[in-house]
Amino acid sequence: MKCKKCGRKAVVNLKAYGISLCEKCYPEFYKNLVKRSIKRFGILNQDERVLVAVSGGKDSSAMAAVLKELGYDIELLYIDLGIGEYSKVSEKVVKDLSENLDAKLNVVRLRDYGFTVDDVARRMRRKTCSACGTAKRYIMNRFARENGFEVVATGHTAEDIVSFYIKNVAGGAKVWAEKLMPRNEPFDEKIVARAKPLFEMSEKENMLYVLIENIPYTPMECPHAPKPEWKEIVYEIERRKPGFVKNFVRGLVRPAEEFEETRYCKICGEVASGEICAFCRLKEKLTR
Ligand code: AMP
Ligand code: ZN
């Protein structure tokens, strides 16, 4: 396997793009993908102060590193949720990340508000993940506003968005459009804009970037997280249909086509997308 760009020995094979790359060319390729995505979907502006929410996992570490590389004005925010050993390991990792990137790290502790996620888990077991989500969103928004950041960036990936969508549609729930969008503008002055700079990137691409660039991250998972069944279904579809995740997530965010006036077929009068309907065009061909 040879690198498509320079011919050296390839270390990665990206099925979604049908190319192989070496360890010199891959980071450049990844950076360009993120840059293009940010530009095309207006996810961040070059002159904003960006608060990058980092968990210590590969996706948000990759995000912080690539935004720094692309020249954004960033600071990091780590929320200590008080999840036993997991929170301690994660905090150590984001400290390393902060030094590695030369980006300021801010730490906010949920404990300072009087409780931890471990308390939630003990007292209201089944609500743990949604309570944790509530706490994170609250702290991210409040910290960003009080410290003059224009936008909060999270490391949500294409798989996060696709599995969230499928899970909700399959469960008959309404799908909140904000959770699927690459950027949400504030609807009130107390709300800070939210951005997902990696919404088109896959977990594998983020993983390769942190590994090749030696960016600190931990593979540790939250002990309260449920089995990611929908994610596994999404991985399986991607395995069988390479490119599925990217096509799906792009389809979700494409702006709805302009509403057009209904047109009628010149020959038969039925509804048509052009001058003549598809059926009459077919009939013409076959009966000529
Ligand atoms: P999750 O909600 O765990 O799927 O994480 C989604 C995104 O939220 C991550 O990519 C991070 O950007 C952010 N995030 C998760 N946990 C934390 C944390 N403890 N501190 C700061 N940001 C976090
Ligand atoms: Zn190369």
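In the predicted model, the chain exposes about 17,100 Å² of surface, of which 51% is supplied by carbon and sulfur atoms. Of the 288 residues of the chain, 45% count as buried. The secondary structure comprises 10 helices and 10 strands, and the C-alpha trace spans about 80 × 50 × 40 Å along its principal axes. When contacts between residues at least 6 apart in sequence are considered, 66% of them join residues that are at least 24 apart. The side chains of the chain include 52 that are positive and 41 that are negative, and the centres of these two sets are separated by 5 Å.

A zinc ion (ligand 2) is bound by the sulfur atoms (SG) of Cys3, Cys6, Cys22 and Cys25, which lie 2.2 to 2.4 Å from the metal. The angles among the 4 donor atoms range from 101 to 114°, and the site of this zinc ion is tetrahedral; its geometry is assigned on that basis because all angles fall between 85 and 135 degrees, as is required of four donors. Along the chain, the donors of the zinc ion (ligand 2) follow the spacing C-x2-C-x15-C-x2-C. Within this set, the pair formed by cysteine 6 and cysteine 22 links distant parts of the chain, with cysteine 6 placed in the segment before β1 (12–14) and cysteine 22, 16 residues away, in the loop between β2 (19–21) and α1 (25–40). The two residues of this pair are assigned to separate accessibility classes: cysteine 6 counts as partly exposed because its relative accessibility is 37%, whereas cysteine 22, at 2% relative accessibility, counts as buried.

The loop between β1 and β2 contains lysine 15, which has a relative accessible area of 58% and is therefore classed as exposed. Lysine 15 and glutamate 238 are separated by 223 residues in sequence, while their C-alpha atoms lie 9.5 Å apart in space. A further pair is formed by aspartate 96 and glycine 56, which are 40 residues apart in sequence and 9.6 Å apart from C-alpha to C-alpha. Aspartate 96 is located in helix α3, which covers residues 84–101, and with a relative accessible area of 30% this aspartate is partly exposed.

Backbone conformation was also examined at residues with positive phi. Most residues other than glycine have a negative phi. Aspartate 102, although not a glycine, adopts a positive phi of about 55°; this residue lies in the loop between α3 and β5 (105–109) and, with a relative accessible area of 64%, is exposed. Asparagine 214 likewise is not a glycine and has a positive phi of about 55°. The position of asparagine 214 is in the loop between α7 and α8, where its relative accessible area of 62% places it in the exposed class.

The loop between α7 (203–212) and α8 (229–240) also holds proline 219, which counts as exposed because its relative accessibility reaches 64%. In sequence, proline 219 and isoleucine 43 are 176 residues apart, and the corresponding distance in space, taken from C-alpha to C-alpha, is 27 Å.

Arginine 125 is found in the loop between α4 (117–123) and α5 (128–146), and its relative accessibility of 53% places this arginine in the exposed class, for which the value must be over 50%. When neighbours within four places in sequence are left aside, arginine 125 is in contact with Val120 and His224. Arginine 125 and phenylalanine 143, by comparison, are 18 residues apart in sequence, and their C-alpha atoms are 27 Å apart in space.

Key:
Residues are numbered from 1 along each chain as its sequence is written. Chains are lettered from A and ligands numbered from 1 in the order in which they are written. This is a predicted model: local features need pLDDT of at least 70, side-chain atom pairs count only at pLDDT 80 or more; totals for chains, interfaces and linings use all residues. Side-chain values use heavy atoms; hydrogens and water are left out. Donors are N, O and S atoms within 2.8 Å of the metal (3.2 Å for Na, K and Ca); water is not among the atoms, so sites may look incomplete. Four donors count as tetrahedral if all angles lie between 85 and 135 degrees; four count as square planar and six as octahedral if opposite donors are over 155 degrees apart and all others between 65 and 115; anything else is irregular. Helices (H or I, at least four residues) and strands (E, at least two) are DSSP runs, numbered from the N terminus. Buried means under 20% relative accessible area, exposed over 50%, partly exposed in between (1.4 Å probe, protein chains only). Contact means heavy atoms within 4.5 Å. Accessible areas come from the Shrake-Rupley method with a 1.4 Å probe; for residues, only the protein chains shown count as cover. Lys and Arg count as positive and Asp and Glu as negative; His and the chain ends are not counted. The place of a charge is taken as NZ of Lys, CZ of Arg, CG of Asp or CD of Glu.
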